[in-house]
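User: Please take one part of this model and examine it closely, then set it against the chain as a whole. I would like the criteria behind each term to be stated.

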Amino acid sequence: MGAVLLSEFATEIVVPVCAVIGIAFSLVQWLLVSRVKLNPERHASGNSNKNGYSDYLIEEEEGLNDPRVVTKCAEIQSAISEGATSFLFTEYQYVGIFMVAFAILIFLFLGSVEGFSSKSQPCTYDKEKTCKPALATAIFSTISFLLGAITSVLSGFLGMKIATYANARTTLEARKGVGKAFIVAFRSGAVMGFLLAANGLLVLFVAINLFKLYYGDDWEGLFEAITGYGLGGSSMALFGRVGGGIYTKAADVGADLVGKVERNIPEDDPRNPAVIADNVGDNVGDIAGMGSDLFGSYAESSCAALVVASISSFGINHEFTAMLYPLLISSVGILVCLITTLFATDFFEIKAVKEIEPALKKQLIISTVLMTVGIAIVTWVGVPSSFTIYNFGDQKVVKNWQLFLCVGVGLWAGLIIGFVTEYYTSNAYSPVQDVADSCRTGAATNVIFGLALGYKSVIIPIFAIAISIFVSFSFAAMYGIAVAALGMLSTIATGLAIDAYGPISDNAGGIAEMAGMSHHIRERTDALDAAGNTTAAIGKGFAIGSAALVSLALFGAFVSRAAISTVDVLTPKVFIGLIVGAMLPYWFSAMTMKSVGSAALKMVEEVRRQFNTIPGLMEGRAKPDYATCVKISTDASIKEMIPPGALVMLTPLIVGTFFGVETLAGVLAGALVSGVQIAISASNTGGAWDNAKKYIE
């Protein structure tokens, strides 16, 4: 089989060191962001710039010396931060209850397999060997589920804290030019990206090593218990995404419908009662939700790869370095993203508005090219030249170059999905310009064009995902698909930095408007925000593409574990499962959309009420009651996130218990196939409409 160049001891050092470097880098970026002060202190030293001239005159003209502006920015920032923090704390209380309940369920389901016996049992895949008891698997799976859930919640919360810390600082830097503002917004995004990637890696690595103390040589049991980590991450992400999404959209619709359409005041005008809720929504939906979401995909793809590897030659021969191949990819990913980030913040400076989007695009290209080299090196030093992978009961012989291609195809598919998403959602290209043009004849044609754009934008990403599935499965069975998903997520730190940059810029624009800054500054923040809408869609594209691959890898792990060699579509049991599974994403979407609708209705009524009953509000003499609007969004999203979440979590348990494994296999396959299509089309339609609006403005 051939030996591995990287020793076990070296692996034990490389992985945590890379994770610590990632955390250290994010702290450095955070310190650099915190240099922008939010208290009005000006001109102690005459502040001379590169040319030796003082910036003073320019600042006079822009009204920059006005300490009231800085104070106002600080006030708005703290209002947004408080709103976001209180929402997340409320959400986490509810989610916490659910987390404990689900952990108990996991323990009961897994423990009851052998009637909670604490005796060793024959291994699932190798009956001659004895493995640790089912009770141990139940306990350790529950622990890793809770670990994953807590890490996921923490990822979202830290992301939100950083974003709300950076939004006003981005606004203040926009006074000095678009380049300075871009750097602050991007650095803050990088803080979130690197913290999340490094924390996810470190916690998983530590958990594997601690579990190993008990499991010893029983790697099959060890890595089966570790799968709980992925489940915990993604189940919390589900609630973060749904709750945050309902919050942000309800506030958005309420603020725009009454403010812009009925009262004809600008977006983010301080007279609008829903304006703080709208800005809070960007942070809890697009930052906290997205953070948890990508962490969930990342944890799941790592776990899926580890489970398959543990019953392949890596696990059977106890090759620790090869076993941790998924973690080594993520470690190199952190280093690659670190170099890539410097290209945006330190090596090149943005001087004009038109350079923003190319700079973000370069981030994707540079990270992908460097990562390809990184994967080649890791595969060369971390994997034997030839090995076997478990493939539905057989062991399939795989060469290391084939494994490299599996990861590489996932990585490049991610880039293609990113670029296609950008083409369909950026106002620099014809699809969005067509949508904007269709508005000449009214809202109906705009809706038709927008929906058509979304449906059309599915074509290339689906082919990209299909090709990566075919290549990776042909070479390395289910392990290939799991590492392809990891390849797509290997540059997660850069992907998240680009993604978090969007909402931070959006907030910065809102703060500029609310603080009454000049239109020059609003133009700069709008330019940052338009690029941000596109990057947010790119981030969603990555999340959807990787989730599709991860789901397939987990489906493979499920089918292997349930000892099904083939899923026959022609048996009625499987076929009804397929049809019902394909319906589930529609049911889920209906629930979430209706929730947004009813929450937005309450918001619209409240905003109208305030405009009608608070004297002097339209003239700017009275202050609106922001808190009531924040409360409406919070209450609605907390109440409404439970049913969709329960639908997703309980369906597999109910179907599996009452209808058996074959039907469940059908349900999972159906949901995967239809969910990907809806997700890509809906995400791109939304991004395109948003940017078409910006294009017209």
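Analyst: A residue is called buried under 20% relative accessible area, exposed over 50% and partly exposed in between, using a 1.4 Å probe and protein chains only. The model is predicted, so local features need pLDDT of at least 70 and side-chain atom pairs count only at pLDDT 80 or more, whereas totals for chains, interfaces and linings use all residues. Residues are numbered from 1 along each chain as its sequence is written, and side-chain values use heavy atoms, with hydrogens and water left out.

The part chosen is the hairpin of β3 and β4, which has two residues between its strands. Strand β3 covers residues 386–391 and strand β4 covers residues 394–399; strands are DSSP runs of E with at least two residues, helices are runs of H or I with at least four residues, and both are numbered from the N terminus. The pairing of β3 with β4 is antiparallel and extends over six bridges, where pairing requires that DSSP finds at least two bridges between the strands. Within this ladder, T388 faces V397 of β4, and Y390 is placed opposite Q395 of β4. In the turn, F392 has a positive phi of about 45°.

How many of the residues of β3 are buried? Six of its six residues are, and the strand is thus mostly covered. The side chains of β3 divide into two sets: S386, T388 and Y390 point one way, while F387, I389 and N391 point the other way. Residues in both sets are buried.

Positive phi values also occur in loops elsewhere. N264, in the loop between α6 (219–262) and α7 (275–310), has phi near 55° although it is a residue other than glycine. At a relative accessible area of 67%, N264 is exposed. H318 is likewise not a glycine and has a positive phi of about 55°. H318 belongs to the loop between α8 (313–316) and α9 (320–323), and its relative accessible area of 29% makes it partly exposed.

A512 offers a helical site to set beside the hairpin: it is located in helix α16, residues 492–514. Because its relative accessibility is 2%, A512 counts as buried. Leaving aside residues up to four places away in sequence, A512 touches T171, M517 and I521, a contact being heavy atoms within 4.5 Å. The C-alpha atoms of A512 and E523 are 9.9 Å apart, with eleven residues of separation in sequence.

For the chain as a whole, there are 21 helices and four strands. Buried residues account for 58% of its 697 residues. Of the contacts between residues at least 6 apart in sequence, 83% join residues at least 24 apart. The C-alpha trace spans about 80 × 55 × 45 Å along its principal axes. The radius of gyration is 26 Å, which agrees with the value near 26 Å for a compact globule of 697 residues; it is taken over C-alpha atoms, and the globule rule is 2.2 Å times the number of residues to the power 0.38. The accessible surface comes to about 27,300 Å², with 67% belonging to carbon and sulfur atoms.

Key:
Areas by Shrake-Rupley, 256 points an atom, 1.4 Å probe, with all protein chains shown as cover.
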